[in-house]
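This briefing concerns the ligand site and the internal spaces of one protein model. Please consult the sequence and the coordinates alongside the text.

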Amino acid sequence: MIPAGFEYHAPRSLADAVKLLGDLGPDAKLLAGGHSLLPMMKLRFAAPSALIDLGKIAALRGIAEVGGEVHIGAMTTEADLLRSALLADKLPLLVEGAGWIADPQVRYKGTIGGDISHGDPGNDHPALMLALDASFVLTGPKGERVVKADGYFLGLYSTQLEPDEILSQIRIPIPAAGSGWSYQKLKRKTGDFATAATAVLLQMKGASVGKVNIALTNVAATPLKATAAEAALLGRPISDATLNEVARLAMSICDPTPDQRGDADYKTAMCGEMTRRALQAAAARAKP
Ligand SMILES: Cc1cc2nc3c(=O)[nH]c(=O)nc-3n(C[C@H](O)[C@H](O)[C@H](O)COP(=O)(O)OP(=O)(O)OC[C@H]3O[C@@H](n4cnc5c(N)ncnc54)[C@H](O)[C@@H]3O)c2cc1C
């Protein structure tokens, strides 16, 4: 289908984009890679009066190490993430996760900022952000505020982002040396969203788990931080018994929407399985 008519603006700076967003009001939409927004417009689920294309704002794209963090511009594409030597070295979990997103065509245009902002529980970056303990820089008419990923996702297509704000940067603390990581995603075919997926970042202390973050994709209206499962693993080895208990605790917070990928029981069971596999893979990569 063809989208409804709209104005098109392509500001060259973040300040101009914020001003335009304020001037044009809530009927205007930000355009990043367009791989979620344009399909919605073509189906007429969205009919913004104006699009503000962020693609010409160079300052919004790039990856840099700053102190103990990696800073990523919101307009950095999935392909940029996959090509980054810095990320491969410091944040391999993010690279592994980005490789699971869609297909090469989508990854050349789709951006990390768009993936986070869309608020779609099927998107992979939100759970990766929870596992990586990321923060988001939101820029609006009153300046910048920095919010934690944990608590940012409020519901289906709903986040803490205000209508006059732009997600400008993602900040991720560099995990301790020797951390293990894994993103395990079940999907039916290339280009599909997750039936269920689990992101894990952990540190081993000898044979036991010293620190662990577990986050779940597409098993509720928002990505989920599996805090009870994390707590159950601390100070314990990765064994069949602990994996079963942690998988059970992760499954206990799932509330997935049945669809063509399966019913709620199947998706919940697959979340348990992805959690088991992600923990095993992360532990195998960790250096005590
Ligand atoms: C065939 C197909 C398969 C896909 N599979 C997956 C998958 O497996 N996993 C996955 O995670 N995603 C998947 N996607 C979605 C894809 O990753 C999108 O690119 C992503 O969801 C949105 O990023 P975008 O840059 O395209 O944003 P856009 O589509 O341009 O924007 C999405 C929404 O975010 C808002 N927005 C964008 N940038 C900002 C910003 N900086 N600040 C505030 N608001 C902003 C827009 O206004 C819009 O509402 C798939 C898409 C397609 C078409």
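The notes below treat the ligand, the pockets and the cavity in turn.

The model is a predicted one. The ligand occupies the largest pocket, whose volume is about 1,300 Å³. A second largest pocket of about 290 Å³ and 1 cavity of 30 Å³ or more are also described.

**Ligand environment**

- The ligand is surrounded by 29 residues, of which L30, S36, T111, D115 and D124 come nearest.
- β2 (28-31), α7 (112-117) and β10 (166-173) each contribute at least two residues to the shell around the ligand.
- By class, this shell comprises 13 nonpolar, 11 polar and 5 charged residues.

**Polar contacts and burial of the ligand**

- The side chain of K29 places an N or O atom 3.2 Å from an oxygen atom of the ligand.
- From the backbone of H35, an N or O atom lies 2.8 Å from a ligand oxygen atom.
- A polar backbone atom of A102 is 3.2 Å from an oxygen atom of the ligand.
- The ligand taken alone exposes 960 Å², and the protein buries 91% of that area.

**Largest pocket**

- The lining of the largest pocket consists of 49 residues, with S36, L37, G114, S117 and H118 lying nearest the pocket centre.
- At least two lining residues come from each of β2, α2 (37-42), α7, β9 and β10.
- The lining of the largest pocket divides into 24 nonpolar, 16 polar and 9 charged residues.
- S36 is among the residues that come nearest to the ligand, and S36 is also among those nearest the centre of the largest pocket.

**Second largest pocket**

- Sixteen residues line the second largest pocket, and D120, P121, N218, D259 and R261 are those nearest its centre.
- This lining holds 7 nonpolar, 4 polar and 5 charged residues.

**Largest cavity**

- The largest cavity encloses about 30 Å³ of space.
- Its lining is formed by G119, D120, P121, P126, F153, G155, S158, T159 and P223.
- The elements that give two or more residues to this lining are β8 (153-155) and β9 (158-159).
- The lining of the largest cavity has 4 nonpolar, 4 polar and 1 charged residue.
- D120 and P121 line the largest cavity, and D120 and P121 are also among the residues nearest the centre of the second largest pocket.
- β9 contributes to the lining of the largest cavity and supplies at least two residues to the lining of the largest pocket.

Definitions and conventions: Residues are numbered from 1 along each chain as its sequence is written. This is a predicted model: local features need pLDDT of at least 70, side-chain atom pairs count only at pLDDT 80 or more; totals for chains, interfaces and linings use all residues. Side-chain values use heavy atoms; hydrogens and water are left out. On a 1 Å grid over the protein atoms alone, a cavity is a set of points where a 1.4 Å probe fits but cannot get out, and a pocket is an open set with protein on both sides within 12 Å along at least five of seven lines; lining residues have an atom within 4 Å of a point. Grid points are joined across faces, edges and corners, and a volume is the space filled by probe spheres set on the points. Helices (H or I, at least four residues) and strands (E, at least two) are DSSP runs, numbered from the N terminus. Ala, Val, Leu, Ile, Met, Phe, Trp, Tyr, Cys and Pro count as nonpolar, Asp, Glu, Lys and Arg as charged, and the others, Gly among them, as polar. A residue is near a molecule or strand if one of its heavy atoms lies within 4 Å of it. A polar contact is a pair of N or O atoms within 3.5 Å; within protein, one must be able to donate a hydrogen and the other to accept it, and residues adjacent in sequence count only if both atoms are side-chain atoms. Accessible areas come from the Shrake-Rupley method with a 1.4 Å probe; for residues, only the protein chains shown count as cover. A molecule sits in a cavity or pocket if more than half of its atoms lie within 2 Å of its grid points.
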